[in-house]
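Open the model in your viewer and keep the sequence panel visible. The stops below say what to select next and what is there.

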Amino acid sequence: MKAISIRVEHVKASQYSGQRAHDLRNGHIPDYVSRDRIDENSLLVCPPPAEHVRELNARAAARANRRAPNQSAAIAASGVLTFGVEAQAIVGALDKKEQDERIRRSVEMVASRFGTEVIGLVVHRDESAIHAHFMLRAICDDGQAFSRKCTRQALSEMQDIAAEAFKDLEITRGKRKIDRIRDGEDKGKWVHKTVAELHRDLPADLAKKQQQLEQVDKKLAASERKLAEVMRKLKAGEGEVEKLQKLKERYEKEIARFQKAA
């Protein structure tokens, strides 16, 4: 499936500051980041310091005649926009400007749907796959906390909205959780991860997928060699024709299966 996925979690000031530092590549840089590719990242909306975010939330609350959130409340929604393996190839083929425009449009549409604003948006290209980190204001235009609007139905709708900017590329939302459960998929595939877990697991997951694809390629090549030898023997009249015909059918099926998996 050519899938796109969006996840958000509600963060307090200290969590926000840590994620902001990561997004901007300030301070410690994780081992999975390719330092020579950091310049390829796009800073589309620079996330402000936590103190300024508090002010933005207070102003939004005041405009709606609501009280400002207390100091212990979440100050932002921290999110990540990721792409499935097939979708990564499609997005990766676009030029940098179009990637940025589509990602910006996707995140802004989500923000608009919930009546909040994008206060931070960074596209990372210095890891194993292109993805985007974003921050949304915690207090919406109507004075309500964004977290209160994130019902199960709303979060599902969020996936559809995020995919809108990519639908002409045949990239769609990921498979719905209820469909994954109904189809008997392994729990590890459909349990929703937090933004932090997604970010932590993304390099390892992609590395595992790459390893699996490499194994498929090896098996495909082996079957193609075996089929070529069977065809040579049939043409040369070597061996039992019936046995060779069965081997031919077997290797052709294997090749078709491996090509589909690749």
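Select E4 and E5 together: the two strands run antiparallel and are joined by six bridges. They form a hairpin, with six residues between them. Within this pair, Val-123 stands opposite Ala-132 in E5. The model you are looking at is predicted.

Keep E5 and add E3. These two strands also run antiparallel, again with six bridges between them. To see one of the pairings, select Ser-78, whose bridge partner in E5 is Met-135.

Now show the side chains of E5. In a regular strand, side chains alternate between the two faces of the sheet. Here His-131, His-133, Met-135 and Arg-137 point one way, while Ala-132, Phe-134 and Leu-136 point the other way. Is E5 largely enclosed or not? Seven of the seven residues of E5 are buried, so the strand is largely enclosed by the rest of the structure.

Next, select all the strands of the sheet. In what order do they lie? The sheet is open and has six strands, ordered E2-E4-E5-E3-E1-E6, with mixed pairing. At its edges stand E2 (42-45) and E6 (172-173); each has a single partner strand, so one side of each is left without a neighbour in the sheet. Strands of a sheet pair through backbone hydrogen bonds, either parallel or antiparallel.

Go to the E2 edge. E2 is joined to E4 (residues 118-124) by three bridges, and the two run antiparallel. Val-45 is the residue to pick here, as it stands opposite Leu-121 in E4. Then bring in helix H4 (residues 96-114), which packs on the sheet and touches E1 (3-11), E2, E3 (76-83), E4 and E5 (131-137). The direction of H4 makes about 145 degrees with that of E4.

Stay on H4 and follow the helix from end to end. H4 has 19 residues and reaches 28 Å from its first C-alpha to its last, close to the 27 Å expected at 1.5 Å a residue. At its start, a side-chain oxygen of Asp-95 comes to within 3.2 Å of the backbone nitrogen of Lys-97. Just after the helix, Gly-115 takes a positive phi of about 70 degrees. Which residues of H4 are buried? They are Gln-99, Asp-100, Arg-102, Ile-103, Ser-106, Val-107, Val-110, Ala-111 and Phe-114. An α-helix has 3.6 residues a turn, so residues three or four places apart point the same way.

From here, move to the nonpolar core. The largest one has 35 residues, and those with the most contacts inside it are Leu-81, Phe-83, Ile-103, Leu-121, Leu-136, Phe-146 and Phe-166. At least two residues of this core come from each of E1, E2, E3, H3 (85-92), H4, E4, E5 and H6 (152-163). Select Leu-81 and its surroundings: leaving out residues up to four places away in sequence, Leu-81 touches Ile-4, Ser-5, Ile-6, Ile-103, Ser-106, Val-107, His-131, Ala-132, Phe-134 and Ala-162. Apart from the largest core lies another, of 10 residues, among them Ala-13, Tyr-16, Ala-50 and Leu-56.

Two loop residues come next. Most residues other than glycine have a negative phi. Arg-25, in the loop between H1 (13-24) and E2, has a positive phi of about 60 degrees although it is not a glycine. Asn-65, in the loop between H2 (50-63) and E3, has a positive phi of about 55 degrees and is not a glycine either. Are they buried or exposed? Arg-25 counts as buried, at 10% relative accessibility, whereas Asn-65 is exposed, with a relative accessible area of 74%.

For the last close-up, select Ser-223 in helix H9 (residues 195-236). Ser-223 is buried, with a relative accessible area of 3%. Its side chain is joined to that of Glu-254 by a polar contact of 2.7 Å. Beyond its neighbours within four places in sequence, Ser-223 is in contact with Tyr-251, Glu-254, Ile-255 and Phe-258.

Finally, zoom out to the whole chain. Its secondary structure comes to 10 helices and six strands. Of its 262 residues, 41% count as buried. Among contacts with a separation of 6 or more, 74% are between residues 24 or more positions apart.

Methods
Residues are numbered from 1 along each chain as its sequence is written. This is a predicted model: local features need pLDDT of at least 70, side-chain atom pairs count only at pLDDT 80 or more; totals for chains, interfaces and linings use all residues. Side-chain values use heavy atoms; hydrogens and water are left out. Two strands pair if DSSP finds at least two bridges between them. Helices (H or I, at least four residues) and strands (E, at least two) are DSSP runs, numbered from the N terminus. Contact means heavy atoms within 4.5 Å. Axes are lines fitted to C-alpha atoms, for helices over the stretch in contact, and angles run from 0 to 180 degrees between N-to-C directions. Buried means under 20% relative accessible area, exposed over 50%, partly exposed in between (1.4 Å probe, protein chains only). The expected span of a helix is 1.5 Å times one less than its number of residues. A polar contact is a pair of N or O atoms within 3.5 Å; within protein, one must be able to donate a hydrogen and the other to accept it, and residues adjacent in sequence count only if both atoms are side-chain atoms. A nonpolar core is a set of buried Ala, Val, Leu, Ile, Met, Phe, Trp, Tyr and Cys residues joined through side-chain atoms within 4.5 Å.
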